[in-house]
Amino acid sequence: MQLAAIVTVIVIITSVIVYALGVAIDRDTEA
Amino acid sequence: MTMTHIHLLLNHIPTIGTALALGLLVISFFRRNDDLRRVSLEVVYVIALMTFPAYLSGVSAQQILIEHPDINQVFVDAHQDAALWSFLFMQISGAAAWLALWKYRRTARMSQALMATVLLLSTLAFAVSARAANLGGEIRHTEIAAEAATGELATDPAWITAKGLGRAITDRVYVWPASEALHFIGLFLIFGVVLLVNLRMLGFMQSIAFSAFHRLLPWAALGLAVNTITGMIFVTATPDQYGQNISFLWKIVFLVVAGLSLLYATVFEGPWHVEAGKSAPLRVKIAGATAILSWGLVMYFGRMLPFLGNAF
C-alpha cells in the first residue's frame, strides 16, 4: 500500500514536470 | 559474430561523429549559412541516435567480458562509467538539435540561442565521449594506460558510476514500478502523436494540412525524452536482462529506424509541403508507413523482452 502511494506520487510529480515542459515549448512557439 | 563485434564497429561513431558535427557547427557560424546550420544539427541528432546502439552494444560486450579471465574489470567499469556520461550529454545535445530543427521548419529562422546551446553541449559531449573512448581502448591495450603501471585506475565516486546508480535503483523498490508507469506515459505521448502525424503522411485526414500535425511533434519528443531516461534506468539497474537479449537488440534496431523517421517528419521538404486537401507523394507515404511500422516494432520487441528474450 505504501509502495503504491510512493509510486503514484512520483508518477504524478514527473507527469506535471513533463506537462510544464510541454507547455513552455508550446508558449515559446506561439510567441 | 557477437555483440562485441557490433560494439567495436559502432563505438567510434559518438567520438568521431561529434567531432564532425562540431566542425560543421563552427563553420556554419562563420559562414552564416542556414542550410549548413541545418545539416550540422541533423548530424548532431543522428549521432545522438546512433549513440543508443553504440552504448547498448557496449552493455552486451560487458556481459560477455565478465566471464573473460584476461580482462581486468576495473578498466571495463571505468569505460562504462565514462560512456554513461557520454550517452547523457549526447542525448541532451540531440534533443536541443531536434528542437532547433523543428522550430526552424516552422519559422524559417534559426534560433541563435538554441544553436549556441547545441554548440556548447556538443563540445561537452565530445570531451566526455573522447574520455570514454580512451578508457575503452585501455581495456585491451593496457600498455597505453598510464595507470596500468601501478595496477590502479582513478575511479569516480560510487554514486556516479553505472554500478553505483544501478544499486541505487534496485535498492529503492519504488523506482522500478514508477519508471515502468512513466515509460508507458512516454509511450502514449510518442505513439499518439507519431500515429497522427504519419497517418496524415499516408493520406488520411486530408482536410488538415501536414503543418498542423507537425505542430504536435514536441509532445512526441518529450515522450521520447521520458522513455530514454526511464529506459536507461532499467538497463543501468539490471544490465544482465538486456545485454544478451535478442528482443532488446531488435528493439534498438527499430528505435534507430523510428528515430530517423522522426527526423524525416520534422525537417524534410516532402511532408512539410503537403497542404490541406492534398495527398502526399509516394515517398512520403512510404516514410509514413515505415515510421508507424518501426514504432510498432519498438513496442512489440519491448513487450517481448521476457518472452523472446531472457528478461524478468
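So, α2 of chain B passes α5 of chain B in a left-handed crossing; left-handed here means the near helix is turned anticlockwise from the far one by less than a right angle, and right-handed means clockwise. By class, that contact of α2(B) with α5(B) has eleven nonpolar, five polar and no charged residues. For the classes, Ala, Val, Leu, Ile, Met, Phe, Trp, Tyr, Cys and Pro count as nonpolar, Asp, Glu, Lys and Arg as charged, and the others, Gly among them, as polar.

Quick word on what we're looking at: this is a predicted model, where local features need pLDDT of at least 70 and side-chain atom pairs count only at pLDDT 80 or more, while totals for chains, interfaces and linings use all residues. Residues are numbered from 1 along each chain as its sequence is written, and chains are lettered from A and ligands numbered from 1 in the order in which they are written.

Back to the pair. Helix α2 is residues 13-31 and α5 is residues 112-140, and their axes come within 9 Å and cross at roughly 155°. Axes are lines fitted to C-alpha atoms, for helices over the stretch in contact, with angles running from 0 to 180 degrees between N-to-C directions. The helices themselves are DSSP runs (H or I, at least four residues; strands are E, at least two), numbered from the N terminus. So α2(B) and α5(B) are roughly antiparallel; the cut-offs are under 35 degrees for roughly parallel, over 145 for roughly antiparallel, 65 to 115 for roughly perpendicular, and oblique for the rest. On the α2(B) side, the residues in contact include B:Thr18, B:Leu22 and B:Leu25, and on the α5(B) side they include B:Leu119, B:Phe126 and B:Ala133. Contact means C-beta atoms, placed from the backbone, within 7 Å.

Also in α2 of chain B is B:Leu20. Is B:Leu20 buried or exposed? Neither, really: B:Leu20 is partly exposed, with 15 other C-beta atoms within 10 Å. The scheme is buried at 20 or more other C-beta atoms within 10 Å, exposed at 12 or fewer, and partly exposed in between, again with C-beta atoms placed from the backbone.

Next pair: α3 (residues 34-65) and α10 (residues 246-267) of chain B pack at about 165°, axes 10 Å apart. They're therefore roughly antiparallel too, but α3(B) passes α10(B) in a right-handed crossing. Among the residues making that contact are B:Arg38, B:Glu42 and B:Tyr45 of α3(B), plus B:Gly259 and B:Leu263 of α10(B). The split is eleven nonpolar, one polar and two charged.

Then there's α7 (residues 175-202) with α9 (residues 217-237), also in chain B, with axes that come within 8 Å and cross at roughly 150°. That crossing is left-handed, and the contact has 19 nonpolar, seven polar and no charged residues.

Now α4(B), residues 73-107. Its 35 residues reach 51 Å from first C-alpha to last, close to the 51 Å expected; the expected span is 1.5 Å times one less than the number of residues. Of those 35 residues, 25 are buried, so α4(B) is largely enclosed by the rest of the structure. Right after α4(B) comes B:Ala108, with a positive phi near 60°.

Last, chain A. Chain A has one helix and zero strands, and its C-alpha atoms fill a box of roughly 45 × 5 × 5 Å along the principal axes. Of its 31 residues, 3% count as buried. The contact between the chains takes twelve residues from chain A and 13 from chain B. The chain A side of that contact has eight nonpolar, four polar and no charged residues.

Definitions and conventions: Two residues are in contact if their C-beta atoms, placed from the backbone, lie within 7 Å.
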